[in-house]
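Reader: Hi! Could you take me through the empty spaces inside this protein, slowly and in plain words?

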Amino acid sequence: MRIFLSILFFLLIHVVGFSQNAMGIPDIINYPKQLYNAGTQSWDVKQDKNGILYFANNDGLLTFDGYYWKTFKMPTKTRMRCVEIGKDNNIYVGAQDDIGFFAPTENGKLVYQSLKKLLPESEQSLSEIWDVVSYGGDIFFRSDVKILQYRNNSFIIHKPLSQWRFLGVSNNLLLAQDRKNGLFAFKNGKWEPLIEAAKFPPEFYVSAFIPIGKDSSLIITVKNGLYILTGNNQLSQFLSTDLSAITDKLVFGACIIDNGRIAIATRLNGCFIIDKKGTIINHFSIREGLQNSNVYNIFADRSNNLWLCLDNGIDFIAYNSAIKHIYPEIQNNGSGYTSIIYKDALYLGSSNGLFKNPLHKISDLSFENSAFEPVSNTGGQVWSLTELNGQLLMGHHEGGFSIENNTAKLLSNWTGFWTFKPISNIPPSPIIVAGNYRGISFFKYQDKVLKNIDSNRLLESSRFLEVANDDKTVWVGHPYKGLYKLQWNNNNEIKIKQYTPNNAPLGINHNFLYKIRNNIMLTTEKGVYEYNAKTDSFEVSKFFSGILKNIPISYLKEAPGGNIWFVSRASVGVIDMSASTPKVFFIPELYNHLVSGFEHINPIDTKNTIIGGEKGFYHINFDKYKSNVNKTIAVHISTVLAIGKQDSLLFGGYFGNVNNIKQEASKIPGIAYSSNSFHFEYSSTLYGQQANIEFSYFLKGFDQEWSDWLKKTEKDYTNLPAGTYSFLIKCRNGTANESAVSTYTFHVLPPWYQAWWAYVIYVLLFAAGVYLWYKQQQRKFLAQQKEKLKIQQQKHVEEQRDLQYQHQLEIEQNEKEIIKLKNENLQTQIENKNSELATNAMSLVQKSELLSKIKDELIVLKNNSEAGKESKEFKKVISIINKELEISNDWDQFAVHFDEVHTNFLTTLKKNYPALTSSELKLCAYLRLNLTSKEIAQLMNISIRGVETSRYRIRKKFDLSAENTLFDLLFSIGNNQ
């Protein structure tokens with residue numbers, strides 16, 4: 001029986017512990033490893049003064065600035081277990097068999113430097129480094145077998161008595177756990193016992209120390225629960241019903257969120273938020289949106305939001321966000337349509353019905369325990385909840401209902417009901433008007449009971465219904481058909497007046513009716529209008545037009561404190577009336593998250609506003625939202641790349657050390673002109689407000705003005721000309737809360753042809769060119785002068801030459817005349833000689849003829865005379881004549897004279913025609929003298945026929961054709977010579 005009761009009690013504790021959870025669930029953002037592109041597991045996390053987060057990851061040091069993840073691997077490629085930011089602003093890390101730190105280089109890129117080499121060689125085997133802690137200016141690294149104290153570039157080694165299990169700081173005290181010997185405190189350079197192991201249960205394993213007072217700490221153990229350590233070193237177990245349900249979930253980390261809440265990370269069931277009494281406020285697991293429930297470590301950032309290092313991935317819980325989700329049904333989230341607080345309970349009406357959650361007077365309703373239960377008989381769309389005359393009335397798809405004892409009682413099922421309004425402003429109102437699907441209905445309140453007295457007016461859907469202050473006028477708005485004004489007289493007769501879309505200022509559609517500041521307001525596509533009873537017309541609202549500038553409004557709701565909530569183009573905004581001048585706040589986190597056309601905003605007070613969403617509801621703490629929005633924000637330039645043939649990193653995100661909040665580098669880099677295109681990446685570390693953040697940039701030296709506000713976190717500039725530029729970036733998380741400007745200045749070097757040395761070369765080349773041009777002109781001038789002189793000289797020479805030529809011509813003319821005279825003389829001489837030769841030849845012919853005649857006469861005389869026949873004198877005379885007829889001697893003398901006159905005619909003829917006989921040569925000579933055949937026959941003592949025969953032979957030997965004469969050939973030989 002005792003065992004059964006114990007089990008029952010444990011189960012009861014377990015159920016109670018895990019059923020409690022806050023009503024408001026903050027946004028949970030999942031960062032899977034595919035997003036941050038590093039190792040699956042992260043083991044530790046820290047944040048610097050600029051808000052950048054550093055994770056000890058399996059792949060190395062993982063950083064996150066709100067938008068960009070970067071991974072810096074260890075040189076040994078080993079996993080990293082712990083990370084700490086020292087007072088010297090270096091990022092110290094402990095990894096598998098290595099220790100060291102990351103620090104920015106001159107260009108702002110993190111670079112790792114190992115410290116392992118400073119250890120004695122015998123101590124350089126480190127195994128796993130589980131913790132790294134900054135304390136008193138020193139850095140402490142813990143492994144199971146040693147704690148290494150780093151100071152002044154050297155190490156002090158602290159050995160355990162058995163095994164070091166934990167190392168941490170609480171209330172300015174450095175604490176460590178020895179597995180067999182309890183807790184130790186580091187004092188005066190050595191470890192002193194604090195609490196002996198005997199005071200702890202077996203296998204006591206400390207996972208975290210949390211300061212909870214000036215001299216008190218909360219000790220978190222893996223399996224043995226929580227303990228309180230007081231200033232006098234007294235140890236007591238911290239017990240509560242809720243904590244009993246956490247004890248066996250393997251607690252591996254914890255952190256302080258604020259003065260009243262502690263976050264505890266478990267390996268088996270996610271993250272728990274407890275208060276100082278040990279009561280569970282929140283529980284975050286896979287059900288609430290975590291990637292998995294195996295949490296290795298937990299960290300509260302400077303905005304009191306939570307970062308969870310998971311077995312697979314990293315999760316962010318916007319725990320300090322002013323906006324949280326409320327889900328009446330975790331597994332079946334319907335659309336949120338209406339809400340109300342009635343008799344210490346929150347009622348939420350959705351598309352799935354009505355749900356109730358009891359309240360305990362907590363100022364921020366989001367921290368109320370979530371204990372929603374459905375109200376009976378309310379399944380389906382719940383359109384409105386109204387408290388009238390002490391009763392809770394519900395407009396429902398199936399009719400009008402009153403809510404009593406967690407059950408809906410039917411008032412009228414004539415048709416679906418939208419809303420209920422009292423006719424009188426003074427409760428209890430005797431008449432209640434209700435808008436329904438077909439028009440309006442009237443209910444009479446009598447003896448605390450509502451009775452339906454009239455349900456057939458307008459015959460138009462009457463969702464937008466307002467009652468005027470005169471208690472006699474009801475306004476009904478229809479988005480597409482216009483307005484209806486219902487008034488009744490003293491006889492309770494109702495008069496209906498319709499304002500159609502043709503009547504100004506109504507539009508074709510989107511005409512909505514609201515009551516703000518006791519005035520009937522009409523919102524249209526043209527703006528907001530206010531009803532003027534004196535003129536019975538709608539006029540432009542000076543209040544709204546002055547603040548909202550006539551932007552289209554689809555929803556208005558006045559808060560009890562005077563603030564006015566509105567919806568415009570799916571954006572939710574608030575006109576804050578708390579200051580002397582109204583100020584508009586937009587809430588971009590809710591953009592397009594409301595049910596379009598069925599918006600619902602219930603501003604309970606400045607800390608609690610319930611808004612219907614597409615899935616469930618939203619809770620907004622407007623005071624907190626304003627505070628978060630108005631906090632000082634900063635913009636961070638994370639990367640600057642110079643883009644060319646190869647991209648090069650100009651800036652890695654740090655203007656100095658990791659905690660330096662300076663916004664500009666002191667040194668201006670020079671970038672080659674070949675890399676004159678640039679890529680800038682920037683972000684803001686407002687992790688819980690990323691939906692709000694907008695950026696504006698300006699490149700000084702190139703842009704003319706600041707850019708529009710954009711969500712983009714990167715900007716590219718291409719082909720910048722040579723010069724000095726400053727990239728300026730700022731951000732805002734609200735319309736009036738801007739960050740300081742962050743600046744990165746750089747100088748684009750001119751191309752080689754625009755460098756200073758190039759201009760020197762250009763000047764030298766120009767000077768050389770001028771000099772060469774001068775020398776060329778000088779040479780040209782001298783050449784021209786020389787040319788002129790040469791021309792003059794040439795002209796003179798030509799003149800002289802002309803004179804000489806003329807003189808030569810005269811000389812040649814004279815010589816020609818002389819030659820002509822000589823030729824004529826020679827010709828005369830030749831003719832004379834030819835004449836002489838011909839004469840001689842003729843003389844010879846005549847002589848031969850004479851001698852022949854004499855010879856013939858003598859022969860006749862001899863033959864006729866007897867005396868003559870025997871006379872020796874006859875014979876002697878004939879013999880003399882014969883000798884005279886032999887002219888060979890005369891021919892030789894003739895030939896010599898002939899060659900002298902005719903330029904070796906015979907010599908040339910014998911040379912060219914060696915086949916000619918002497919008689920043929922004679923014949924040619926005679927022919928050359930133009931002698932007749934008869935004359936030639938006499939000279940040669942042959943017959944005329946013999947002459948012709950000889951002529952024929954000569955022609956054959958000369959190979960003359962029939963067209964050529966022998967005389968022409970012989971004459972040409974004589975002339976050529």
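Author: Sure, here's a walk through the cavities. This is a predicted model, where local features need pLDDT of at least 70 and side-chain atom pairs count only at pLDDT 80 or more, while totals for chains, interfaces and linings use all residues. Residues are numbered from 1 along each chain as its sequence is written, and side-chain values use heavy atoms, with hydrogens and water left out.

A search of the whole structure turns up 5 cavities of 30 Å³ or more. A cavity here is a set of points on a 1 Å grid, over the protein atoms alone, where a 1.4 Å probe fits but cannot get out. Volume is the space filled by probe spheres set on the points, with grid points joined across faces, edges and corners.

The largest cavity has a volume of about 160 Å³. It's lined by 17 residues, and the closest to its centre are Asn50, Val635, His636, Lys662 and Gln663; a lining residue has an atom within 4 Å of a point. That lining splits into 7 nonpolar, 9 polar and 1 charged. For these classes, Ala, Val, Leu, Ile, Met, Phe, Trp, Tyr, Cys and Pro are nonpolar, Asp, Glu, Lys and Arg are charged, and the others, Gly among them, are polar.

Next comes the second largest cavity, with about 90 Å³ of space. Its lining has 13 residues, and Ile52, Thr63, Lys70, His636 and Tyr654 are the closest to its centre. β5 (60–64), β6 (69–72) and β58 (636–643) each give this lining at least two residues; strands are DSSP runs (E, at least two residues), numbered from the N terminus. By class, you get 6 nonpolar, 5 polar and 2 charged residues around the second largest cavity.

Key. 1 Å grid on protein atoms, 1.4 Å probe; cavity = no way out; pocket = protein on both sides within 12 Å on 5 of 7 lines; lining within 4 Å. Helix = DSSP H or I, 4+ residues; strand = E, 2+ residues; numbered from the N terminus.
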